Amino acid sequence: MKKEKSIPGPVSKAGTIPTRMGTWSTAKPVLKGKCTFCLFCWVFCPEGAISQDEANRKVTFNFEDCKGCGICVRECPTKAIEMVEVEGGR
Amino acid sequence: MKLKDIEKEEFYRASYGCAGCAAVLAVRLTIKVLGKNSVYVVPANCISTVSCYYPQAPFFVPFTVMAFAATASACSGISAGFKRRGREDIHVVGFSGDGGTADIGIQALSGAIDCGNKFIYICYDNEAYMNTGIQRSGLTPYGATTTTTPSPCFENRPKKDMLRIVAAHDIPYAATACSSYPLDYMEKVKKASQVNGPTYIHILTPCPTGWGFPPDETIEIGRMAVESGVWKLTEFENGEFRTTYTPKRSRPVSEYLAAQARFRHLSPEQVAAIQKEIDAARD
């Protein structure tokens, strides 16, 4: 087999994430009200921190990626998501 | 296109972008449409800055960081290489900011469109050089303050109309979009990926840091821009401009301006002048 040439300079493999951004947030979103499965929060989340549970179709938040910007709270049509303050950051 | 048909897998995660960044959202939505069969070229802009903390590589697809002025020429070259190898199914995407498109990269963009190789050039427009500290660019609108055009002597030149400049090259497909209308944007990316030639998409991405608003208002500010008529969602195809989305209600531009700190210094007369200009453009 032909040996692959190494590329000079700093090169990373696509999809390398050594650090998580969850520590940035001072508040985290929590689903409290009635979810209508519209997925508006999922499509507007810049971080892709929201995913849909396949079993009960409800949205779940990945707090390792969530920066606590609050777009999901603002864009939820039924106001089902609430921001909860985190004591002293996380 | 419907929300439930969109790819669920995330291909752009955990970047160092500011909370509520719409440019990060635009990258995420783009990769969702084009899938893993795509290659990205990023010049010096916010996206390369928030992505490339070695060994961090939040793109889950191949991407390269290019010189500021060479985004479009790199896209054109990579596309020609893939064509030579018989891999025309791979989408080559250039993801440049507004300064890298309208000021520094415009010569390369013009030349690459002229060459006619297949690539998608996406300009995410946050209306200043946000990454280096909010300096004025060619796409900064009238009245905005930046660090190089501070409050008393604010930006006094209008925004360049990049869509018309690109359309003048007789490009096969060009469009404007806004991050607050993701389905409209994703349909345009899908359409651009099916064109066999150069395509250009200009997406307005509100910037909480540079424009001066809380991060949770990112989507609302973009919606205000479209509803007040500051930004229009159009596409250029077969030599004709077409409006893809007409807002259901129209808002006064003063609401859009009042929501942002960069327009805080404008007097009521100046706001009225901006409103008059928008009304004239609408008719």
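# Exercises on chain B

B:Ala72, B:Ser73 and B:Ser76 in H3(B) meet B:Ala108, B:Leu109, B:Ala112 and B:Cys115 in H5(B). The model is predicted.

## Exercise 1: a helix pair

Work out how the axes of H3(B) and H5(B) are oriented to each other.

*Solution.*
- Locate the helices. H3(B) spans residues 71–84 and H5(B) spans residues 106–115.
- Take the geometry. Their axes come within 7 Å and cross at roughly 25 degrees.
- Apply the cut-off. Angles under 35 degrees count as roughly parallel.
- Conclude. H3(B) and H5(B) are therefore roughly parallel to each other.

## Exercise 2: the sheet

Give the strand order of the open sheet in chain B and name its edge strands.

*Solution.*
- Read off the order. Eight strands run S2-S1-S3-S4-S6-S5-S7-S8, and the pairing is mixed.
- Find the edges. S2 (63–65) and S8 (240–245) each pair on one side only.
- Add the twist. On average, neighbouring strands are turned by 20 degrees against each other, direction ignored.
- Place the first helix. H1(B) packs on the sheet and touches S1, S3, S4 and S6 of chain B. Its direction makes about 175 degrees with that of S3(B).
- Place the second helix. H7(B) also packs on the sheet, touching S3, S4, S5, S6, S7 and S8 of chain B. The direction of H7(B) makes about 160 degrees with that of S5(B).

## Exercise 3: strand S5

Decide whether S5(B) is enclosed or open, and describe its pairing with S6(B) and S7(B).

*Solution.*
- Check burial. Six of the six residues of S5(B), residues 173–178, are buried, so the strand is largely enclosed by the rest of the structure.
- Check each face. One side carries B:Tyr173, B:Ala175 and B:Ala177, and the other carries B:Ala174, B:Thr176 and B:Cys178; all are buried.
- Take the S6 side. S5(B) and S6(B), residues 198–204, pair in the parallel sense over six bridges. There, B:Ala177 stands opposite B:Ile203.
- Trace the connection. S5(B), H7(B) (residues 182–193) and S6(B) make a right-handed β-α-β unit.
- Take the S7 side. S7(B), residues 233–237, runs antiparallel to S5(B), and three bridges join the two. B:Ala175 has B:Glu235 as its bridge partner. B:Tyr173 stands opposite B:Glu237.

## Exercise 4: nonpolar cores

Which residues touch the most other members of the largest nonpolar core?

*Solution.*
- Name the hubs. The core has 79 residues, and B:Ile47, B:Phe59, B:Tyr185 and B:Tyr256 touch the most other members.
- Find the main contributor. Helix H1 of chain B, residues 22–34, supplies the largest share, nine residues.
- Set the other core beside it. Apart from the largest core lies another of 25 residues, including B:Val41, B:Ile90, B:Leu109 and B:Leu139.
- Inspect one hub. Leaving out residues up to four places away in sequence, B:Tyr185 touches B:Ala26, B:Leu29, B:Thr30, B:Phe95, B:Ile122, B:Ala177, B:Cys178, B:Ile201 and B:Ile203.
- Recall the general trend. In soluble globular proteins, nonpolar side chains tend to be buried together.

## Exercise 5: helix H9

How many residues of H9(B) are buried?

*Solution.*
- Count. The answer is 10 of the 10, so H9(B), residues 218–227, is largely enclosed by the rest of the structure.
- Look at the residues. Among the buried ones are B:Glu220, B:Arg223 and B:Glu227, along with B:Ile219, B:Ile221 and B:Val226.
- Step past the helix. Just after H9(B), B:Gly229 takes a positive phi of about 90 degrees.

## Exercise 6: three single residues

Locate B:Ser51, B:Thr205 and B:Lys118, and list their contacts beyond four places in sequence.

*Solution.*
- Start with B:Ser51. This residue is in H2(B), residues 46–51. Its relative accessibility is 0%, so B:Ser51 counts as buried. B:Ser51 touches B:Tyr12, B:Gln56, B:Ala57, B:Pro58 and B:Phe59. B:Ala14 is 37 residues away in sequence and 8.6 Å away in space, C-alpha to C-alpha.
- Go on to B:Thr205. The loop between S6 and H8 (208–211) of chain B holds this residue. B:Thr205 is buried, at a relative accessible area of 0%. Its contacts are B:Ala22, B:Ala23, B:Ala26, B:Tyr124, B:Asp125, B:Asn126, B:Ser179 and B:Trp211.
- Finish with B:Lys118. This residue lies in the loop between H5 and S4 of chain B. B:Lys118 is in contact with B:Ser79, B:Glu88, B:His91, B:Ser193, B:Val195, B:Asn196, B:Gly197 and B:Pro198.

Terms used: Residues are numbered from 1 along each chain as its sequence is written. Chains are lettered from A and ligands numbered from 1 in the order in which they are written. This is a predicted model: local features need pLDDT of at least 70, side-chain atom pairs count only at pLDDT 80 or more; totals for chains, interfaces and linings use all residues. Side-chain values use heavy atoms; hydrogens and water are left out. A nonpolar core is a set of buried Ala, Val, Leu, Ile, Met, Phe, Trp, Tyr and Cys residues joined through side-chain atoms within 4.5 Å. Buried means under 20% relative accessible area, exposed over 50%, partly exposed in between (1.4 Å probe, protein chains only). Helices (H or I, at least four residues) and strands (E, at least two) are DSSP runs, numbered from the N terminus. Contact means heavy atoms within 4.5 Å. Two strands pair if DSSP finds at least two bridges between them. A crossover is right-handed if, with the strands pointing away from the viewer, the path from the first strand over the helix to the second runs clockwise. Axes are lines fitted to C-alpha atoms, for helices over the stretch in contact, and angles run from 0 to 180 degrees between N-to-C directions. Angles under 35 degrees count as roughly parallel, over 145 as roughly antiparallel, 65 to 115 as roughly perpendicular and the rest as oblique.
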